[in-house]
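Biologist: I am new to this structure. Please choose one part for a close look, and show me the setting around it as well.

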Amino acid sequence: TNLQGVARQRLGRLLTNGVVDVSFDSGISISTDLVVLALAYQDGKVFASSGNFGDASLGCFLQRLNPDGQLDSTFAQTNIIQDWTVFGLTPRTNGSILVYGGFQHINGINRAGLALVSTNGELDATFTSPLETDTNALSYSTVFSVIVLPDNSVLIGGRFWRQGSTNRSAVAKLSPTLVWDDSFQPDDFGPLLSPTSPYGVVMSAIPQSDGKFIFGGLFQEVGGYWRRNIVRLDAQGHVDPCFDPGLGRGDHGYIGACALAQQSDGRIIAGGNFVTQLGNPVVSESSSNLTRFLPQSDCGVTRVYLGKDGLGQNFVAATCAPGGTNHLQLSTNLVDWTTIDPFPSNPPTSPYVYFDQLNIPVLDGGLFFRVKKEY
């Protein structure tokens with residue numbers, strides 16, 4: 001209700017020096033029972049989507065504000081976005097707005113996860129979402145991120161089903177006319193290490209100057225590589241083996257990498273909920289919810305990690321290149337090696353091998369570990 005002591009109801013603007021811009025005032029355009037969910041900027045005007053977190057049945061709303069913050073009377077403010085929420089707004093070159101999120105209907109019309117609004121604010125009746133509508137809130141087709149490519153085609157990330165299909169996707173490409181592009185066949189995201197979430201979810205995405213893309217979210221394995229919650233794909237949608245986050249960040253019980261940015265030196269900043277629990281090794285690496293990745297590492301290698309988890313238990317973990325079976329082995333003398341039974345949830349074909357203190361034999365003296373790959 002105020003921004004740095006200046007009355008501003010849900011929306012305000014700062015000058016470059018951080019001081020409130022008194023020339024931009026939206027007044028009471030956005031009700032106090034709503035929160036602003038997404039913003040976009042086009043030709044000096046501001047688009048804002050707002051909704052009620054306490055009662056999703058009330059829907060979300062889309063408004064356009066003039067450069068001074070007042071409602072644009074030429075833009076229809078009557079659209080009701082139903083069933084769930086809006087995660088983003090993307091202006092298009094023709095002046096229309098691509099609206100995306102977890103909603104399934106707008107004004108009672110099927111628009112699963114994607115909708116197009118014309119320059120006057122009216123729902124574009126000629127556009128039909130290529131995603132499947134579902135009445136089960138746990139399986140809504142949801143788009144969390146959008147990248148507009150130079151030819152006006154669009155990459156979408158989230159968790160969704162193609163219309164008429166039972167195959168779940170985390171990444172897809174739409175043509176400039178926003179229909180499904182069958183020429184783009186990305187590697188599979190998933191599975192998660194959770195029985196209730198067998199497939200991965202993409203929540204954030206950024207393009208890179210070389211035509212590749214960084215995706216963040218909640219996933220564990222992509223295209224046979226271990227890529228916990230962050231991965232780089234090439235222009236065809238295949239995993240770049242030279243962007244290796246190691247153990248990665250976060251776990252299947254948390255949000256994962258929901259925000260990404262790239263610095264001028266090529267390093268990637270990832271933000272999200274990376275705190276983990278109960279024996280997962282990642283907690284000892286990062287619990288700050290903010291981390292940074294170097295632009296490149298060795299390609300397609302196997303790495304072994306030693307450490308302590310959040311409960312103080314010793315762990316051994318390894319990330320392996322795709323293919324074959326992976327066996328963790330233990331030695332006390334670097335001559336005689338014994339294969340250790342894997343952690344129950346990880347089959348030997350998994351690119352991720354994890355063993356904690358409960359699985360490691362208690363022996364006097366030092367222990368050595370290695371991974372043996374068999375084809």
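Modeller: Start with how the chain folds back on itself. Take the contacts in the protein chain with a separation of 6 or more: 46% of them are between residues 24 or more positions apart. Bear in mind that this is a predicted model. The protein chain has 28 strands and zero helices. It holds 375 residues, and 49% of them count as buried. Its accessible surface is about 17400 Å². Carbon and sulfur atoms make up 53% of that surface.

My choice for the close look is the disulfide. The count comes to one. Cys242 and Cys299 are the two partners, with an S to S distance of 1.9 Å. A disulfide is a covalent bond between the sulfur atoms of two cysteines. The link of Cys242 and Cys299 is right-handed, with 105° about the S-S bond. This pair ties together distant parts of the chain, 57 residues apart. Cys242 sits in the loop between strand 19 and strand 20, the latter covering 256-262. Cys299 sits in another loop, between strand 22 (290-293) and strand 23 (303-308).

How covered is each end of the link, Cys242 and Cys299? Cys242 has a relative accessibility of 16%. The cut-off for buried is under 20%, so Cys242 counts as buried. Cys299 has a relative accessible area of 39%. Partly exposed lies between 20% and 50%, so Cys299 belongs there. Two further cysteines can be set beside this pair. Cys60 is buried, at 3% relative accessibility. Cys320 is buried too, with a relative accessible area of 4%.

Now step back from Cys242 along the chain. The loop that holds Cys242 begins after strand 19. Strand 19 belongs to an open sheet of three strands, in the order 15-16-19. The pairing in this sheet is antiparallel. Strand 15 (201-207) and strand 19 (230-233) are its edge strands, and each pairs on one side only. Neighbouring strands here are turned by 25° against each other on average, direction ignored. Strand 16 (residues 213-218) is joined to strand 19 by four bridges. Within this pairing, Phe215 stands opposite Val231 of strand 19.

What holds such strands side by side? Strands of a sheet pair through backbone hydrogen bonds, either parallel or antiparallel.

A six-stranded open sheet makes a useful second view. Its order is 3-4-5-6-9-10, again with antiparallel pairing. Strand 3 (35-42) and strand 10 (109-110) each have a single partner strand, so one side of each has no neighbour in the sheet. Strand 3 runs antiparallel to strand 4 (residues 45-51), and seven bridges join them. One of the facing pairs is Val36 with Ser50 in strand 4.

Just before strand 3 in the chain comes the loop that starts after strand 2 (6-7), and Arg8 lies in that loop. Is Arg8 buried or exposed? Arg8 counts as buried, because its relative accessibility is 8% and the cut-off is under 20%. Leave aside residues up to four places away in sequence, and Arg8 touches Thr1, Asn2, Leu3, Val20, Asp21, Val22, Phe24 and Asp25. Gly27 is 19 residues from Arg8 in sequence, with 6.8 Å from C-alpha to C-alpha.

Next, a hairpin. Strand 12 and strand 13 form it, with five residues between them. In its turn, Asn152 has a positive phi of about 75°. Six bridges join strand 12 to strand 13 (residues 154-161), and the two run antiparallel. Val143 faces Gly158 of strand 13. Strand 12 (residues 142-148) is mostly covered, with six of its seven residues buried.

End with Leu330. It is placed in strand 25 (residues 325-331). Leu330 counts as buried, at 6% relative accessibility. Phe368 is 38 residues away from Leu330 in sequence. In space, the two are 5.6 Å apart, C-alpha to C-alpha.

Return once more to the disulfide. It joins Cys242 to Cys299. Its buried end is Cys242, and its partly exposed end is Cys299.

Key. Residues are numbered from 1 along each chain as its sequence is written. This is a predicted model: local features need pLDDT of at least 70, side-chain atom pairs count only at pLDDT 80 or more; totals for chains, interfaces and linings use all residues. Side-chain values use heavy atoms; hydrogens and water are left out. Two strands pair if DSSP finds at least two bridges between them. Axes are lines fitted to C-alpha atoms, for helices over the stretch in contact, and angles run from 0 to 180 degrees between N-to-C directions. Buried means under 20% relative accessible area, exposed over 50%, partly exposed in between (1.4 Å probe, protein chains only). Contact means heavy atoms within 4.5 Å. Accessible areas come from the Shrake-Rupley method with a 1.4 Å probe; for residues, only the protein chains shown count as cover. A disulfide is a pair of cysteine sulfur atoms within 2.5 Å.
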